[in-house]
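Hi,

Here is the model I promised to pass on. Have a look at it first, and my notes follow underneath.

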Amino acid sequence: MLFIKRQFPLVVCFVVGVAVAVQYYIPHRISQDFIEGLSHWEIIIAAFAFFLGLVSVTQVHVAKLRRRSPGWGFSLFFFGGILIGVITGFLSRGKQITEAGAITSFGWMYNNMLNPLQGTMFCLLGFYIVSAAYRAFKVRSLQAGVLLAVAVIFIFSRVPLGQYLWEATIGGFFPWQLHQMVEWVMNTPAKAAGRGILIGVSLGAVATSVKIIAGIERQYMGGKD
Amino acid sequence: MSEFTIILGAWVSAGLTLCIFSFLYEDNPLFKVAEHLYIGVTIGYSVTNLIFNSMGPNIYNPLKEGNLMPLLPTLLGLGFLTRFIPKISWMSRISFAFVMGYTSGLSIPTTITSQFLKQLEGTVYPLLTRKEGLLDFSRAAIGHDISVFILVAALLTVLIYFFFSVEHRGPIKAASKVGIYFIMIYLGAAFGTTVMGRFSLLYGRLFDLYTYRAERYYYATPVLLVALIFFLVVYTLKQKNKPAES
Amino acid sequence: MNDFLDKLANVDRRYLFLLVIAAILFPIVRPLALPGLKVTDSVKGVYDQIEALPAGSYIGISFDFDPASKPEIYPMALAVTRHAFRKNLKIVSMNLWITGTGLADEILTLAANEAGKKYGEDYVFLGWQPSPIAVITGVFMDIYKVFPKDQKGNDARSLPMLKDFRNFTQLGYFVTLGAGSPGLPHWVQFGADKYKIKMGGGCTAVSEPGYRPYYPVQITGLIPAMKGAAEYESLIGMPDKAYAGLDAISLGHFLILILLALCNLIPFVKRFTK
Amino acid sequence: MKPWNLLPLILTASLAAAPAFAAKASKAAPAAEDPAMTVRPVTGLKALDMPYDAGEGILVRWDVMPHDEYAAVYVVELSSVSAAGPWVKAKEVRSDQGTVAELGFPFWARPKAGQRAVEVKPLDLFSNDSDAAKARVSKAEYFVRVRATNGRQVADSEVVTGRAESDWFSMPRLNNLIFTLVFCGIVLWFISHARKKDLFLRRIPGLDAVEDAIGRATEMGRPIYFLTGRLDIDSISTIAASLILGEIAKRIAQYDTQLKVPHTYAMTMAVCQEITKQAYSEAGRPDAYREDINFFITEDQFAYTAAVNGMMVREKPAACFYMGYYYAESLLLTEVGASVGAIQIAGSDSEHQLPFFFITCDYTLIGEELYAAGAYLSRNPVLVGTLRGQDVGKAFVMLSIFFGVAFATLGVLIGREGWVTTMLEIFKSY
């Protein structure tokens, strides 16, 4: 019994890992069907696992309601939201537009509730980028200074008014145009640094994957029982 | 799409937008309502999507046609659900093992392709150029050669910065210092280019709110805005003379 | 003086948020038309074609976008429609994105009321039909097979403007203003290339790189994102939402620059006054 | 590198040069037609399996014909019925096209030069997209013919048959395989040899700050938040983040500080529950572990962000950890975290969000540091061994870049650009 509990999962992890890695170098039809099949499996497993999440979030809000802990009223809105999503979804069988081209209730919910909520949360970034710049962009060191200088030049040059002011003031002293210089910074030093980071990440990712497939990193396997 | 649903849509959309914006002022009941409603709706949306667009076509239909393919992944999926029953919750480890093995196996070759080779592809160039058989020393060519040199130097110094098990002393320390500055240039450039997108997002939302002020929508935005401000004032005053609730 | 600087240095961020709202909302209400906008050839490529059309000739406009891409495409669509009405052209319009039907209708009615144009005589809106490729190929052969009824439901053949109009090959010029697919690539491949009519397009910032190769051979002009829309608005001398958009983004950028300067200068100024 | 491998290289160069010369000549050729220039059927026609594919392509090859200089055009035609059967036009090739180089294979996987090479795909011509048709079409045998023409005269070649087969090894990805084996080998070697001596590790400030961030949270009696990123467990960044959670949970277990890990995907939540439970029991405090440390919110990006922001403002956490891959919501989280005065430590490999983490968080782990954090915190000799392996991997990369650039420059210096482009193919992905 111990083998099943302790060793078998590691064997599964090793076999699946090696098979999927080797598949990349085999163009054969069987290998293509194999990887398509497995990614299909992944979708099905994720679908089942979603119920774990559903139970977890419902438990939190049911506990709040039962214990009347502060803010329990808002959990009603949470369950109301689920009902709205599920009822409109089932009424329109998951479709936002009918064949005839009319918008379904699910489509209406998506356009007038989900879209505005997503769009508005997303656009809070416009506010937070300003407050972050004012609070955090202080030049504490030369490094932060370089970061600030490059950011300022990029912000300045991305807008027509910026180019206009640049040409009106000190544009003449430079042999190149503003956008040419900005593009050079983007395509040479900045891109090379970005590449260096990505190459570093690729080595880290491969090392982590090897540790997992080889069964060295097995915290996810849990304890003794 | 009758006129009524359009007007109702405008009021609901403007109302929810203003509730989320109220979070900028401070955390308040209206934001909590919008937040919990938003979480609930997205979960309802996920459940609907799951049933109709994922479980249906991937599990129900194939099984109906006698294809037993989805049985094994269904077992692995059920393995996750054994976490509810402590006695057999060890079975979930087999499902974990499958998922972790799949991810690690898939990521090794794809990472080498997209994050290693593709990045090298754009960096390993000759430091000299030749046109029609002659070494080209024209201004453009020299400029290109210098750019290639900077490209390679930046990449090498950034890689040196990421050395973990080597003492950063002497030449390595110097190179890693240069690497840090190249990283700062990258961060500055990335920050600068993202700012524009954020403001056009904000412009889009305020543009919508502005359109919903029109008479056709029965002045949705102004009415809701006044109601929101009134509510926030009352709420803040109530907060001041009552000790903060948790 | 020092405590004023301290208060300024860590000012409550909500004042900054008010500044941001002001910077973005003000140009929406009243466009500032900030300087610096240079008109590019690709936008002129569309403007010149419409400008050259004699009064009374047909122009086709397809509104291929949805609410999500409204900030970028709505202004250019409005500008092109206004330009067509000012040149007294007869507009034959339709849309490939079902979710954009309401917006297309809004633009046409707004521009028509402004220019005093009548539906059925000066412009026609055929609406949406499923399967875009079939629609595009169909309208170049016989529009009445694809659109027996217009978007408002009356019989297309009965509209006075369409009396002697059979299909899109009779258009003096055609413009598609879109946010992705189905859109410009399909109009070029199944429409303009096949039936050799002059065509132009407008697109969002994210799809511009993909559409750039079509210009100038397969399309005479391309209006790229909000900047292109603002250029078109300046060409027809009616600064509106696109200008406001560009102004808003410019003001936003300059707000950040001022704040960056401020938060870094305060420590220096404090050192002097101490 | 076997010598015969260079043969195709030289032939390709000459072959590539010949048509270019031919094209130039034809432009210069007088308009008057030379009666002797008759178009003759192509010789040496072969229909082979297209190498390194899943059985979709047939590689049609035929000799370079003398009349190529007069800009002849070749039309490759296929028939699924018979040698005389109805012919379907597969591809049209001018005389200056159809070289081996156009197939896009690196030099170590390129078919023999000396003949024209054109790929045709029966699936594009004969299948109606239904799976049954696709399977039948790709297994069938086809009759192949090449029609040479110069606009007036037409000469058909004899008919050959060919079939597309599935191939077992993708030779063009040989460089990818070698780099992968080298790296995996280095990492495994250092893991097996890591047990003996203790290795030096440079300081990562962000990770040294973990200890006092937890201490501060304990003093203030406020919770600690740990986020594992926007992606599900099918991304290696999320796995790295959950391994770091294990290390941090071990430290938190000793103090009675509340740890909260809000999740956006259920599979990640399940894995993290197991890792957290294991961490608490390894720290000797299985009693302190509570099942609701890891909890699910929703999969939607901004609903999750709104919920976490709401929690932050209401519970005012003392420390926030943002590990894993993030998208635009990074600034929303860190800006609200900063407004409630939390110590914020981020570690991410999403290069487009690093600037926002860098300016708003107290410490930021950049790219590879996210993958080193687990080993760095655990100080377990085996895991630290992998860091050494990663460094040796980086040294190997730097050497190959250095020598790659040096050889390329040398190649240009002594005028052998052909060598340079060929050698640079090693650093490309196929």
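Among contacts in chain D between residues at least 6 apart in sequence, what percentage join residues at least 24 apart? The figure is 69%, where a contact means that two C-beta atoms, placed from the backbone, lie within 7 Å.

Before the rest, some housekeeping. This is a predicted model, so local features need pLDDT of at least 70 and side-chain atom pairs count only at pLDDT 80 or more, while totals for chains, interfaces and linings use all residues. Residues are numbered from 1 along each chain as its sequence is written, and chains are lettered from A and ligands numbered from 1 in the order in which they are written.

**Confidence**

pLDDT is the predictor's confidence in each residue, from 0 to 100. Chain A has a mean of 86, with 96% of its residues at 70 or more. Within chain A, helix H3 (residues 72-91) has the highest confidence, at 91, and helix H6 (residues 160-168) the lowest, at a mean of 81. Helices (H or I, at least four residues) and strands (E, at least two) are DSSP runs, numbered from the N terminus. As a general caution, where pLDDT is low the predicted coordinates should not be read in detail.

**Chain D**

Chain D has 13 helices and 14 strands. Of its 430 residues, 47% are buried; buried means 20 or more other C-beta atoms within 10 Å of the residue's own, exposed means 12 or fewer, and partly exposed is in between, with C-beta atoms placed from the backbone. The domain assignment splits chain D into domain 1 (3-18 + 41-168) and domain 2 (200-379), with bounds that come from an automatic or database assignment. Taken over C-alpha atoms, the centres of these two domains are 57 Å apart.

**How the chains meet**

Of the 5 pairs of chains that touch, chains A and B share the most contacts. That interface uses 100 residues of chain A and 97 residues of chain B. On the chain A side, the elements giving two or more residues are helix H1 (2-23), H2, H3, H4, helix H5 (142-157) and helix H7 (178-213). H7(A) supplies the largest share, 21 residues. By class, this side of chain A has 72 nonpolar, 22 polar and 6 charged residues; Ala, Val, Leu, Ile, Met, Phe, Trp, Tyr, Cys and Pro count as nonpolar, Asp, Glu, Lys and Arg as charged, and the others, Gly among them, as polar.

Chains B and C also touch, through 14 residues of chain B and 16 residues of chain C. Helix H1 (3-25) and helix H6 (170-211) of chain B each give two or more residues to the chain B side, and H6(B) gives the largest share, 10 residues. That side has 12 nonpolar, 2 polar and no charged residues. Chains C and D, on the other hand, have no contact, and their closest C-alpha atoms lie 9 Å apart.

**Two helices and a residue**

Helix H2 (residues 29-67) of chain A has 39 residues and reaches 58 Å from its first C-alpha to its last, close to the 57 Å expected at 1.5 Å a residue; the expected span is 1.5 Å times one less than the number of residues. Just after H2(A), A:Arg68 takes a positive phi of about 50°.

Helix H5 (residues 139-161) of chain B has 23 residues and should span 33 Å, which agrees with the 33 Å between its end C-alpha atoms. Its buried residues include B:Val148, B:Leu151 and B:Tyr161. The buried residues of H5(B) pack against H7 of chain A, H6 of chain B and helix H12 (381-413) of chain D.

A:Val185 is in helix H7 of chain A. Why does A:Val185 count as partly exposed? Because A:Val185 has 19 C-beta neighbours inside 10 Å. Leaving aside neighbours within four places in sequence, A:Val185 is in contact with A:Val150, A:Ala190, B:Ile185 and B:Ala189.

**Cores**

A nonpolar core is a set of buried Ala, Val, Leu, Ile, Met, Phe, Trp, Tyr and Cys residues joined through C-beta atoms within 7 Å. The largest one has 308 residues, and those touching the most other members are A:Ala49, A:Ala193, C:Met76, D:Met267, D:Ala319 and D:Phe321. Helix H4 (residues 105-136) of chain A gives the most to this core, 18 residues. Apart from it lies another core, of 24 residues, including D:Ile58 and D:Val120.
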